[in-house]
Amino acid sequence: MQQCCKSNQYICKRNCVALTFRRKMMMSRNTKAKTKIKELIISSSVALSQGEIQKTLKGFCDRVTIYRVLERLLNEGLIHKIVNTDGVIKFASCQSCSVKHSHNHIHFSCQKCKSVTCLEDVQPTYKLPNSYKVSEMNFTLSGLCPQCS
């Protein structure tokens with residue numbers, strides 16, 4: 001909290017309301033870049049990295065704008081992030097999150113073509129000791145996809 005806010009509650013409350021309003025606007029604001037990136041991810045059958053998105057958009061917007069849009073789409077729950085077996089971060093659209101936002105499914109990473117695919121119909125299983133509680137998981141299998149095998 002800023003020093004001026006401690007002595008003047010009206011300014012503090014006004015700043016908090018302004019920040020909350022700005023966050024809501026940023027979350028719901030639809031820009032041309034956001035719309036184009038969202039459509040690109042939704043129409044893709046594989047997860048895309050920021051670099052792949054930038055290459056496909058061919059200069060439509062810069063990498064910083066793409067990064068900000070991806071963060072906004074993540075925060076809105078429209079896409080999810082996948083860390084590839086090579087450490088590359090890829091993004092995919094949310095397919096089965098209509099009721100409860102969850103990404104507890106398996107990702108398949110092709111070792112040959114480097115594509116990452118969400119496998120919604122495969123249920124991962126694991127067993128943890130009683131004292132552990134899972135809040136989220138990231139299952140990635142690697143091998144050859146149907147196009148490369």
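Which side chain meets that of Lys90 in a salt bridge? In this predicted model, the partner is Glu52, with an N to O distance of 3.3 Å. Because Lys90 belongs to strand β3 (residues 89-93) and Glu52 to helix α4, the pair ties together parts that are 38 residues apart in sequence. The two residues were also assigned to accessibility classes: Lys90 is buried, with a relative accessible area of 4%, whereas Glu52 is partly exposed at 31%.

The protein contains 5 helices and 6 strands, which follow one another along the sequence in the pattern α-α-α-β-α-α-β-β-β-β-β. Of its 149 residues, 30% are buried. The exposed area amounts to about 10700 Å², of which carbon and sulfur atoms supply 53%. Among contacts between residues at least 6 apart in sequence, 56% join residues at least 24 apart.

The largest nonpolar core comprises 15 residues, and those touching the most other members are Ile37, Ile41, Ile53, Leu57, Ile66, Leu70 and Ile79. Helices α3 (32-43), α4 (50-57) and α5 (63-75) each contribute at least two residues to this core, with the largest share, 5 residues, coming from α5. When residues up to four places away in sequence are not counted, Leu70 touches Ile37, Ile41, Gln50, Ile53, Ile79 and Phe91.

In the whole structure, 3 salt bridges were found. Besides the pair described above, Lys34 forms a salt bridge with Glu76, the closest N and O atoms lying 2.9 Å apart. This pair links distant parts of the chain, with Lys34 in helix α3 and Glu76 in the loop between α5 and β2 (79-83), 42 residues apart. Lys34 counts as buried because its relative accessibility is 2%, while Glu76, with a relative accessible area of 24%, is partly exposed. Asp86 and Lys114 form a further salt bridge, in which the closest N and O atoms are 3.5 Å apart. Here too distant parts of the chain are linked: Asp86 is located in the loop between β2 and β3, and Lys114 in the loop between β4 (106-110) and β5, 28 residues apart. Lys114 is partly exposed, with a relative accessible area of 38%.

On the surface, Tyr126, Leu128, Tyr132 and Val134 make a nonpolar patch of about 410 Å². Within this patch, Tyr132 lies in the loop between β5 (116-119) and β6 (139-143). Its relative accessibility is 54%, and Tyr132 therefore counts as exposed, the cut-off for this class being over 50%.

Methods: Residues are numbered from 1 along each chain as its sequence is written. This is a predicted model: local features need pLDDT of at least 70, side-chain atom pairs count only at pLDDT 80 or more; totals for chains, interfaces and linings use all residues. Side-chain values use heavy atoms; hydrogens and water are left out. A nonpolar core is a set of buried Ala, Val, Leu, Ile, Met, Phe, Trp, Tyr and Cys residues joined through side-chain atoms within 4.5 Å. Buried means under 20% relative accessible area, exposed over 50%, partly exposed in between (1.4 Å probe, protein chains only). Helices (H or I, at least four residues) and strands (E, at least two) are DSSP runs, numbered from the N terminus. Contact means heavy atoms within 4.5 Å. Patches are made of residues with over 30% relative accessible area and no salt bridge: like charges are joined within 9 Å, nonpolar side chains (Val, Leu, Ile, Met, Phe, Trp, Tyr) within 5 Å. Accessible areas come from the Shrake-Rupley method with a 1.4 Å probe; for residues, only the protein chains shown count as cover. A salt bridge is a side-chain nitrogen of Lys or Arg within 4 Å of a carboxyl oxygen of Asp or Glu.
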